[in-house]
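Trainee: Could we take a close look at one part of this model together? I would like to see how its charged side chains pair up.

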Amino acid sequence: MSRVPFYLLVGALLVIGIILTIFRHFHYDVPFMPGEQRQIWEVEAQVNFDAENGPVRIDLALPSNQPGFRLLTENTASSGFGLSYLRDDKARHAQWAIRQANGPQQLYYSAQLLVTDGEEEFLAEPPALQRDIGWERPYDTAAREVIDQAHERSADAFTFTRELIKEFTDQRQGENARLLLSQYERPVLLTRLLNQANVHARIVNGLRLEDGRRRQSLTPWLQVFENEKWVLINPRTGEQGKPDDLLLWERHGNAVLEVQGGSDSRVSFSMLRHNEPASVAVRNQFADDTLLNFSIHSLPIEEQALFKTILLIPIGALVVVLLRVLVGLETSGTFMPVLIALAFIQTTLITGLVGFLLVVAVGLVIRSYLSRLNLLLVARVSAVIITVIAIISLFSVMAYRFGLNAGLTITFFPMIILSWTIERMSILWEEEGPKEVLKQGFGSLLTAVLAYLAMNNPWVRHITFNFLGVQLILMAMILLLGNYTGYRLLELRRFQPLAKDD
C-alpha cells in the first residue's frame, strides 16, 4: 500500500498547524512566551461647556484603531444626557444630547488603548484637494513665492512639505513667510499652501501620551498623501513620521468638538499608563472578534480552565509514544501514566508519588486476599474499586488528623484507573512474578513523572492553550512516530553479546 497519502496527511497537519500558530501570533498578537506584559494607556477626555437653558447636542471625535494603538474599551459618564456612538466616513464620534440644560456642564469619555507594534498604514483614497483657495493681496504673491522656493528644493510631496515648513522656521523665515503668518495659523496656512501646490494634505489632531499628565490638549499635525501612502509631519519642526507616544485622536480632518446650545466649550485630556498580562490584553482586544469567538477563548472561564487541562493530554500522549516507540519502556497500561501525571499536576509531584505508592501497595495486599476467593472478574474489580475508595478516604482522614493538608489532595487520583492498575499488576504478579511488576511499575512511574514535567511546564501550558494549531503539530508528530519500524533503545541490549564476540 502506498504511503504517499499518509505523508501528505502528516505534511498537511504540520503546515496547517504551523500556519495557524504563526497567524495567531502575528495577527492576534498572542505572545509565544508566558508572563509577557502589554502596555495599556487609559485616556480620559473631559468636555466642559456652559449650557444656554435649552436643548444641547455635543459631538466629540473619538480615537480608533491605528498603527501603534488598538482600542480595547471605552466608557462615558454623562448624567442625564443621551449618548450614541456614530460613524461617518470611517470617523467615529460620540454624540450626547439633552432637551433642557442650563449652566456649567461636564461630560467624560475614557478609553483603554493597547500599545501594539505599529505598521505603516496605506490609504487608497486621499482627501480631495481644496480648489477654491482664495488669497487677498498681497498674500497671494507671498504664497506663490513661498511655494516656488520650496518646490525648487524638493522632489516629491513629502520633501516639498518639509521644505515648505522650513520657510516658516526662525532660521529661514523671510518677509513673505512673516506676512502669511500674521494672517493665518501655521497648520491652516501650511494646508492651504500644500493644496494650492496640488499636494493632498489635511490637519489631524494628536495627543502626546505622558504618564500621569492632566489637562492636556490636542496638537495639530499635517497628514500628507502621495502614491496611496500617508505620512505624518510635524508642522512646527518638519519632522516626518509618527512618534511612538503620539495618539491620533482625530485623523480625518474633522472638528474634534462641536457644541450646539452651549458656549465656552473646551476639551482636556488626562492619561495614565499601566501594564497587564498579555493574555488579558489579547482577550479584551478581540472580545468581539468573530474568528476568536469560534475558539475556546469565547467559552466561560470555568470551561476554559477545563480545556486548559484537557489540551495538555496530547503532550502526555507524545511523551508516552516517545518512551514506548523509541525507548521501549514498558508501562502498566498504555496511557495510565498520562492520567497519573494529570493527578500529579493537582497534588504536586512528591505528594502524588507518595500517595500513589501507598494506595497501590495497600491495594495489592488486599487484592492478593481477594484472589483467593475465586471471584468473577467484574465482582473482583468492583471490590478493588471500593477498596481503593476506602484506602483514599482513610489516608485523607489520617492526613487531616496529622495536619498534613497536602495529603488531602490524594482524592485527585482517578480511582477507576488506580483500581485497574492494581488489578493488572496483581495478575502480572501471579503470571510473571514480582520482577515484572516492579519493572512495569517503575516504567509507569518514570513515564508519569516525565509526562508531568512536560505538561506542567509553564511554557508548554501557555502554548497548548493559546495556540490550538500546536495540537495539529502534535498529531503529525505522533503519526510519524507511529510509522517508526526500527529498533528501540532498550532493545540494543540484545546486540551486546555480538559486540563482545567482536
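Mentor: Arg-153, Glu-163, Lys-166 and Glu-167 are joined in a network of salt bridges, a salt bridge being a side-chain nitrogen of Lys or Arg within 4 Å of a carboxyl oxygen of Asp or Glu. Keep in mind that this is a predicted model, where local features need pLDDT of at least 70 and side-chain atom pairs count only at pLDDT 80 or more, while totals for chains, interfaces and linings use all residues. Residues are numbered from 1 along each chain as its sequence is written, and side-chain values use heavy atoms, leaving out hydrogens and water.

Now zoom in on one pair of the network: Glu-167 and Arg-153 form a salt bridge whose closest N and O atoms are 2.1 Å apart. Glu-167 sits in the loop between α3 (157–166) and α4 (175–181), and Arg-153 in the loop between α2 (139–152) and α3, so the pair ties together parts that are 14 residues apart in sequence. Helices here are DSSP runs (H or I, at least four residues), as are strands (E, at least two), numbered from the N terminus.

How covered are the two partners? Glu-167 is buried, at 4% relative accessible area, whereas Arg-153 is partly exposed, at 41%. Buried means under 20% relative accessible area, exposed over 50%, and partly exposed in between, with a 1.4 Å probe and protein chains only.

By the same salt-bridge rule, the count comes to twelve. Another one joins Glu-423 and Arg-380, with the closest N and O atoms 2.8 Å apart. This pair links helix α13, home of Glu-423, to helix α12 (residues 377–401), home of Arg-380, 43 residues apart. Both Glu-423 and Arg-380 are buried.
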